[in-house]
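Subject: Structure for your review

Dear colleague,

Please find below the structure that I agreed to pass on to you. I should be grateful if you would read the notes after it with the model open.

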Amino acid sequence: MEVDLALLKSTKGLLKISEMVCVFVAFVCYAVASRPAYIAATCMEFFITLGFLLLYLLKLNKMLTFFFWPLIDVFSSFSAAALMCILSLVAVSTYTVKGTLSGGIVGFVAAALWSLDGYILVKKITFNRPRTTTEAQTGET
């Protein structure tokens, strides 16, 4: 199995790592504040993002070609951004413990990162122009 270490220095890799760090910080804030629903949502998004990072890092997207992974990543990024934005709005507006407020603020940062990730992926996906095999699998131009 081949490992793509250059991904960790690329924009895509740095965004995925930043998303994971932000959502982990939000997870810790919600855990300190003892908010189980918020803990579950942030934990779920952390593992989904980790899954996509490992998919690209281990180049599994080139082995599992029956999915168009960049498009799935776009949907995942935008749905994560929407979920985290709603979760953060609720957390910030109903906080009773400062950990919930902190988690909500960091959640907004994570939502912005997921939105940026989705936007960059949409810009890279080619629908109406010819593409090479590499572009079809990675979404990179």
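The notes below go from the overall fold to the charged pairs, the aromatic rings and the surface.

Please bear in mind throughout that this is a predicted model.

Overall fold

The secondary structure of the chain consists of six helices and zero strands. Read from the N terminus, the order of elements is therefore α-α-α-α-α-α. The chain has 141 residues, of which 40% count as buried.

Helix H4 covers residues 69-93, and its length can be checked against expectation. At 1.5 Å a residue, its 25 residues should span 36 Å, and the end C-alpha atoms are indeed 36 Å apart, which agrees. A number of residues in H4 are buried, including Trp69, Asp73, Ser77, Ala80, Met84, Leu87 and Ala91. For reading such a list, it helps to recall that an α-helix has 3.6 residues a turn, so residues three or four places apart point the same way.

One contact between separate stretches of the chain may be noted here. The C-alpha atoms of Met84 and Ala112 are separated by 9.3 Å, although the two residues are 28 residues apart along the chain. Ala112 has its place in helix H5, and with 47% relative accessibility it counts as partly exposed.

Salt bridges

The count of salt bridges comes to three. Two of them involve Lys16, and I suggest that you look at these together.

Asp73 forms a salt bridge with Lys16, with 2.8 Å between the closest N and O atoms. Asp73 belongs to helix H4 and Lys16 to helix H1, so this pair ties together parts that are 57 residues apart in sequence. Both of these residues are buried.

Lys16 also forms a salt bridge with Asp117, where the closest N and O atoms are again 2.8 Å apart. Here the link runs from helix H1 to helix H5 (residues 98-124), and the partners are 101 residues apart. Lys16 has a relative accessibility of 2% and so counts as buried, the limit being under 20%. Asp117 is buried too, with a relative accessible area of 2%. Through their shared partners, the salt bridges join Lys16, Asp73 and Asp117 into one network.

The remaining salt bridge is formed by the side chains of Glu2 and Lys59, at 2.9 Å from N to O. This pair also links distant parts of the chain: Glu2 is in the segment before H1 and Lys59 is in the loop between H2 and H3, 57 residues apart. Lys59 is buried, with a relative accessible area of 18%.

Aromatic rings

A search of the whole structure finds seven aromatic pairs. One of them is formed by Phe24 and Phe46, whose ring centres are 6.1 Å apart and whose planes meet at 50°, which makes the pair tilted. Phe24 lies in helix H1 (residues 11-32) and Phe46 in helix H2 (residues 36-57), so the pair ties together parts that are 22 residues apart in sequence. Phe24 counts as partly exposed, at 43% relative accessibility. Ring pairs also link Phe24, Phe27, Phe46 and Phe47 into a cluster.

Another pair is made by Phe67 and Trp69. Their ring centres are 5.2 Å apart and their planes stand at 70°, so the pair is edge-to-face. How accessible is each partner, Phe67 and Trp69? Phe67 counts as partly exposed, at 41% relative accessibility, whereas Trp69 counts as buried, at 13%.

A charged side chain also meets an aromatic ring in this model: Lys12 lies over the face of Tyr56, at 3.9 Å from the ring centre.

Nonpolar surface

Which residues make the nonpolar surface patch of about 650 Å²? The patch is made by Met1, Met63, Leu64, Phe66, Phe67 and Ile72. Of these, Met63 has its place in helix H3 (residues 60-63) and counts as exposed, at 51% relative accessibility. Phe67, the partner of Trp69 in the edge-to-face pair, is thus met again as a member of this patch.

With kind regards

Terms used. Residues are numbered from 1 along each chain as its sequence is written. This is a predicted model: local features need pLDDT of at least 70, side-chain atom pairs count only at pLDDT 80 or more; totals for chains, interfaces and linings use all residues. Side-chain values use heavy atoms; hydrogens and water are left out. Rings of Phe, Tyr and Trp (its six-membered ring) pair if their centres lie within 6.5 Å; planes under 30 degrees apart count as stacked, over 60 as edge-to-face and the rest as tilted. Helices (H or I, at least four residues) and strands (E, at least two) are DSSP runs, numbered from the N terminus. Buried means under 20% relative accessible area, exposed over 50%, partly exposed in between (1.4 Å probe, protein chains only). A charge sits over a ring if NZ of Lys or CZ of Arg is within 6 Å of the ring centre and within 35 degrees of the ring normal. The expected span of a helix is 1.5 Å times one less than its number of residues. Patches are made of residues with over 30% relative accessible area and no salt bridge: like charges are joined within 9 Å, nonpolar side chains (Val, Leu, Ile, Met, Phe, Trp, Tyr) within 5 Å. Accessible areas come from the Shrake-Rupley method with a 1.4 Å probe; for residues, only the protein chains shown count as cover. A salt bridge is a side-chain nitrogen of Lys or Arg within 4 Å of a carboxyl oxygen of Asp or Glu.
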